[in-house]
Amino acid sequence: MDRQHRHDLRHDRFVDEVGALSSRARANQRLLLTVAGALILVAFVVYGIFFYRSNQERKGQELLASAITTIESPLIPATGTAPPEAKFKTDAERNAAAEKMFKEVQAQYGSTDAADIAGLYVGRLAASRGDTATARQKLNDFIEDHPQHMLVGAARYSLYQLRIENGEATQVATELNAELQKAEPALPGDSLLSLLAHAWEAQGDQAKARDAYRRIITEFPDSPYVLEAQRRAGTGS
């Protein structure tokens, strides 16, 4: 094999290798472009979902705020000048208007925190009408779905109250006493004692109820339940 032939073979091999490398580079470039395009698409999708959810939450919170303003608005007095925010003559009218708005929050913005809070209000309104089954279901759903939510304590408290008023005072008293023995109870101690006193009163055991109220006074002197506890225990000043 002469020198020129060997040179040509080396040249051909060099050309082939460069060609192969170029082909791989082009393939990799297409792959990189495809990956980059996919990442950009994913970023747009993620941003779109985030924007949609943020927008839904904002709208839900606005409607929720209007509903809360409605349910807390003053009634039109029978005589005298009504305040500008008074639009309803009776509790029933006001509650019906507010409940409609709370249910709209749930229907239109079901995946938001606003809808969850609206559900608590729907449960509260159901309880006020004597519909304990609906109220209990709403409270249970919230507690199970949002164990770390800032309002879960209020939901637990309301559920205990509802159960006491629904004839479960004996069972609730047992559960509350068990909670009081825990290092980290489901509710603050003064809340548990307030509920426990209520449960004893529902059973007609005034002595145990007064003991629970006295514990609030002595163990939790800064509690918001103290004034009521003093009145109930007969120690008010």
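1. Is Lys182 buried or partly exposed in this predicted model? Lys182 is partly exposed, its relative accessible area being 45%, and its salt-bridge partner is Glu179, with the closest N and O atoms 2.8 Å apart. Glu179, by contrast, counts as buried at 10% relative accessibility, so this pair joins a residue classed as partly exposed to one classed as buried.

2. On the overall architecture, the secondary structure of the protein amounts to 8 helices and 0 strands, and the pattern read along the sequence is accordingly α-α-α-α-α-α-α-α. The protein has 237 residues, of which 30% count as buried. When contacts between residues at least 6 apart in sequence are considered, 44% of them join residues at least 24 apart.

3. The packing of helices deserves a point of its own, and a pair of packed helices is described by the angle between their axes together with the distance between those axes. Helix 3 (residues 113-128) and helix 4 (residues 132-145) have axes that come within 7 Å and cross at roughly 155°. Because angles over 145 degrees count as roughly antiparallel, helix 3 is roughly antiparallel to helix 4, and the crossing of these helices is left-handed. From helix 3 the contact involves Asp116, Ile117, Gly119, Leu120, Val122, Gly123, Ala126 and Ala127, which meet Thr134, Ala135, Lys138, Leu139 and Phe142 of helix 4. Sorted by class, the contact of helix 3 with helix 4 has 8 nonpolar, 3 polar and 2 charged residues.

4. For helix 6 (residues 189-202) and helix 7 (residues 206-219), the axes come within 7 Å and cross at roughly 165°. Helix 6 and helix 7 are therefore roughly antiparallel to each other, and their crossing is left-handed. The residues of helix 6 that make the contact are Asp190, Leu193, Ser194, Ala197, His198, Trp200 and Glu201, while helix 7 contributes Gln206, Lys208, Ala209, Ala212, Tyr213, Arg215, Ile216 and Glu219. By class, this contact of helix 6 with helix 7 has 7 nonpolar, 3 polar and 5 charged residues.

5. Helix 6 also packs against helix 5 (residues 152-180), at an angle of about 120° and with the axes 8 Å apart. Helix 5 and helix 6 are therefore oblique to each other, although the crossing is again described as left-handed. On the side of helix 5, the residues that meet helix 6 include Tyr157, Tyr160, Ile164, Leu176 and Glu179, and on the side of helix 6 they include Leu192, Leu193, Leu195, Leu196 and Trp200. The residues of the contact between helix 5 and helix 6 divide into 14 nonpolar, 6 polar and 2 charged. Glu179, named above as the salt-bridge partner of Lys182, thus belongs to the contact of helix 5 with helix 6 as well. Leu193, Ser194, His198 and Trp200 of helix 6 are listed in the contact with helix 7, and these residues are also listed in the contact with helix 5.

6. Turning to the charged pairs, a search of the whole structure finds 13 salt bridges. One of these is formed by the side chains of Glu175 and Arg163, at 2.9 Å from N to O. Glu175 counts as partly exposed at 26% relative accessibility, whereas Arg163 is buried with a relative accessible area of 9%.

7. Another salt bridge is that of Asp91 with Arg94, whose closest N and O atoms are 2.4 Å apart. Both residues lie in helix 2 (residues 91-108), and a separation of 3 residues places them about one turn of the helix apart. Asp91 counts as partly exposed at 40% relative accessibility, and Arg94 is buried, with a relative accessible area of 14%.

8. Where in the structure is Thr70 found, and which residues does it contact? Thr70 is found in helix 1 (residues 3-71) and is buried, with a relative accessible area of 13%. Leaving aside the neighbours within four places in sequence, Thr70 is in contact with Phe88, Arg94, Ala97, Ala98 and Met101. Arg94 therefore appears both among the contacts of Thr70 and as the salt-bridge partner of Asp91, and Arg94, like Thr70, counts as buried.

Methods: Residues numbered from 1 in each chain as written. Predicted model: local features only at pLDDT ≥ 70, side-chain atom pairs only at ≥ 80, totals over all residues. Heavy atoms only, no water. Axes fitted to C-alpha atoms, helices over the stretch in contact; angles between N-to-C directions. Helix = DSSP H or I, 4+ residues; strand = E, 2+ residues; numbered from the N terminus. Parallel < 35°, antiparallel > 145°, perpendicular 65-115°, else oblique. Left-handed = near helix turned anticlockwise from the far one by under 90°. Contact = heavy atoms within 4.5 Å. Nonpolar A, V, L, I, M, F, W, Y, C, P; charged D, E, K, R; others polar. Buried < 20%, exposed > 50% of the residue type's maximum accessible area, 1.4 Å probe, protein only. Salt bridge = Lys/Arg side-chain N within 4 Å of Asp/Glu carboxyl O.
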